[in-house]
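Q: Please take a close look at one part of this structure, namely the surroundings of a single ligand. Then relate that part to the rest of the model in a connected account.

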Amino acid sequence: MTTALALRSQRDRASAVSLASGDEAETIAAIATRCLLLEIETWPKPGLVSHVDAGSHADMDADTFRRSAAAIQPDLLALAESGAQGSAMGRLRIIGLEAEAAMFAATGGVNTHRGAIFGLGLLCAAAGAKASGRADRTTPLGAVVTRLWGRDILDGPVLLHSHGGEARRCYGAGGARIEAAHGFPSVYEIGLPALHRGEQIAPGDAEAARVQACFALIAALEDTNLLHRGGLSGLHYAQRAARGFLDDGGVGTRDWRERAQIVHQAFVARRLSPGGSADLLAMTLFVEACEGASL
Ligand SMILES: CC(C)(COP(=O)(O)OP(=O)(O)OC[C@H]1O[C@@H](n2cnc3c(N)ncnc32)[C@H](O[C@H]2O[C@H](COP(=O)(O)OP(=O)(O)OP(=O)(O)O)[C@@H](O)[C@H]2O)[C@@H]1O)[C@@H](O)C(=O)NCCC(=O)NCCS
Ligand SMILES: Nc1ncnc2[nH]cnc12
C-alpha cells in the first residue's frame with residue numbers, strides 16, 4: 001500500500017513524498033519532528049520561545065527545543081510503529097513516558113514538549129494506523145485517535161502535581177486530554193482554517209500563515225499554561241489580545257509583524273506563555289502535512 005504525505009508550505013515545506021509501507025513510520029516521525037521545529041521557527045508568537053527570542057521564559061531557548069525535538073524523534077517513530085501494529089493505549093502511554101524522560105534528559109529537566117509528546121504522539125500513532133490499513137485512509141487523524149483510544153485517554157492516570165492538574169482543579173479546564181479524546185477540535189476547527197486563511201492573506205509567506213494559526217489558537221483555546229501563570233484574568237487577557245490582532249486584519253496588513261510583536265511584548269511583560277497553543281500549532285502543521293495533500 002502506498003501513502004502520500006506532504007508538507008504543504010511554500011517556503012519551508014518538504015516536497016510531497018510517496019511511500020512504500022516500510023518507510024512510512026520513519027517518514028511520519030520525520031514530519032512530526034519537522035513540525036516541532038517549524039513551530040519554533042515562527043515569530044512573533046506571543047510569550048513563546050522562537051528562533052528570535054525566549055519570550056516569557058528564563059530557562060529555555062530555541063536550542064533547548066531543538067535538542068528536545070531531536071531527542072523524542074525515536075519515540076515518535078515508536079508511536080507510529082505502535083499505531084501500525086494496533087497497540088492499545090497502555091503501550092502508547094509507556095512510549096509517551098519514555099519520550100518525556102528523553103526530553104528531560106536532553107533539556108536538563110526543562111519541560112519543553114510534554115503536551116506535544118502527548119498530542120502529536122497520538123497523531124503519529126493514528127498516522128501509523130492509517131498507513132497500515134488498521135484505520136480507514138479517508139478518516140481524519142483526529143477521528144482515528146478518538147475511535148481507537150478516546151475512551152482510554154480519558155480514563156488514564158491523573159498527574160497530581162502537574163500545572164495542568166492544578167488548572168483543572170481550580171478552573172475546571174479540560175486541557176490536553178479532552179482535546180485529544182475529542183479528536184483535536186482545536187486543530188480542525190481553529191488551527192487549519194486559520195493556517196489556510198493566513199496563506200490567502202499573506203501569499204508566499206509560510207511563517208505569516210503559522211503566526212495567523214498561532215494567534216487564532218490562542219484566541220480560542222482554554223490553555224492550561226495561561227491559567228497556570230496568569231489565572232483566569234491572564235487567560236482572558238491573552239484571548240482578547242490575540243482576537244484583537246486577528247480582528248485588525250491578522251497577517252493580512254503591511255505592519256502585521258509590528259502589531260504581532262507588540263502583543264508578544266505585552267505577554268512577556270505579564271509572563272504569559274500559551275504553551276498549549278504552541279503544541280497545537282505543531283499538530284496543525286502535522287495534520288496539514290498528512291491530510292492537506294491529495295492522496
Ligand atoms: C495527559 C498529560 C498531557 C498530562 O498533562 P497535565 O495533567 O499536565 O494536563 P494539561 O495541562 O491538560 O496538558 C499538558 C500539556 O499540554 C499542553 N496544553 C495546555 N493546554 C492545552 C489544551 N487546552 N489543549 C491541548 N494541550 C494543552 C501544555 O503543554 C505545553 O506546556 C508545557 C510547559 O508546561 P509547564 O512546564 O507547566 O509550564 P511553564 O509555564 O513553563 O512552567 P513554569 O516555568 O511556570 O514552572 C510544554 O510541555 C508544552 O508542551 C500542557 O502543559 C500527559 O502529560 C500524560 O499523561 N503523559 C503520559 C504519557 C502519555 O499518556 N502519552 C500518551 C501517548 S503519547
Ligand atoms: N515555543 C514554545 N514556547 C514555550 N512553550 C512551548 N511549548 C511548546 N512550544 C513552546
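A: Helix 1 (21–40) and helix 12 each contribute at least two residues to the shell around ligand 2. Helices here are DSSP runs of H or I with at least four residues, strands are runs of E with at least two, and both are numbered from the N terminus. This is a predicted model, in which local features need pLDDT of at least 70 and side-chain atom pairs count only at pLDDT 80 or more, whereas totals for chains, interfaces and linings use all residues. Residues are numbered from 1 along each chain as its sequence is written, while chains are lettered from A and ligands numbered from 1 in the order in which they are written.

The shell around ligand 2 is formed by Glu-39, Ile-40, Leu-48, Val-49, Gly-55, His-57, Ala-116, Ser-273, Gly-275, Ala-278 and Asp-279; a residue belongs to such a shell if its C-beta atom, placed from the backbone, lies within 6 Å of the molecule. Helix 12 provides the largest share, three residues. By class, the shell holds five nonpolar, four polar and two charged residues. In this scheme Ala, Val, Leu, Ile, Met, Phe, Trp, Tyr, Cys and Pro are nonpolar, Asp, Glu, Lys and Arg are charged, and the others, Gly among them, are polar.

Two backbone features lie in loops that adjoin helix 1 or helix 12. Pro-44 is placed in the loop between helix 1 and helix 2 (62–85), and the peptide bond from Trp-43 to Pro-44 is cis, with omega near 0°. Arg-271 is placed in the loop between helix 11 and helix 12. Its phi is near 60°, a positive value in a residue other than glycine. Arg-271 counts as partly exposed because 14 other C-beta atoms lie within 10 Å; 20 or more such atoms would make a residue buried and 12 or fewer exposed, with partly exposed in between and C-beta atoms placed from the backbone.

Helix 12 (275–291) also gives two or more residues to the shell around ligand 1, as do helix 3 (89–107), helix 4 (114–132), helix 6 (163–171), helix 7 (175–181) and helix 10. That shell comprises 39 residues, and the closest are Gly-96, Gly-115, Gly-164, Gly-175 and Gly-276. Helix 4 gives the most to the shell around ligand 1, with eight residues. The shell around ligand 1 divides into twelve nonpolar, 19 polar and eight charged residues.

Helix 4 likewise gives the most to the largest nonpolar core, with twelve residues. This core has 90 residues, of which Ala-32, Ala-80, Leu-123, Cys-124, Ala-126 and Phe-286 touch the most other members. Such a core is a set of buried Ala, Val, Leu, Ile, Met, Phe, Trp, Tyr and Cys residues joined through C-beta atoms within 7 Å. Apart from residues up to four places away in sequence, Phe-286 touches Ile-31, Ala-32, Cys-35, Leu-120 and Leu-123, contact meaning that C-beta atoms placed from the backbone lie within 7 Å.

Notes:
Two residues are in contact if their C-beta atoms, placed from the backbone, lie within 7 Å.
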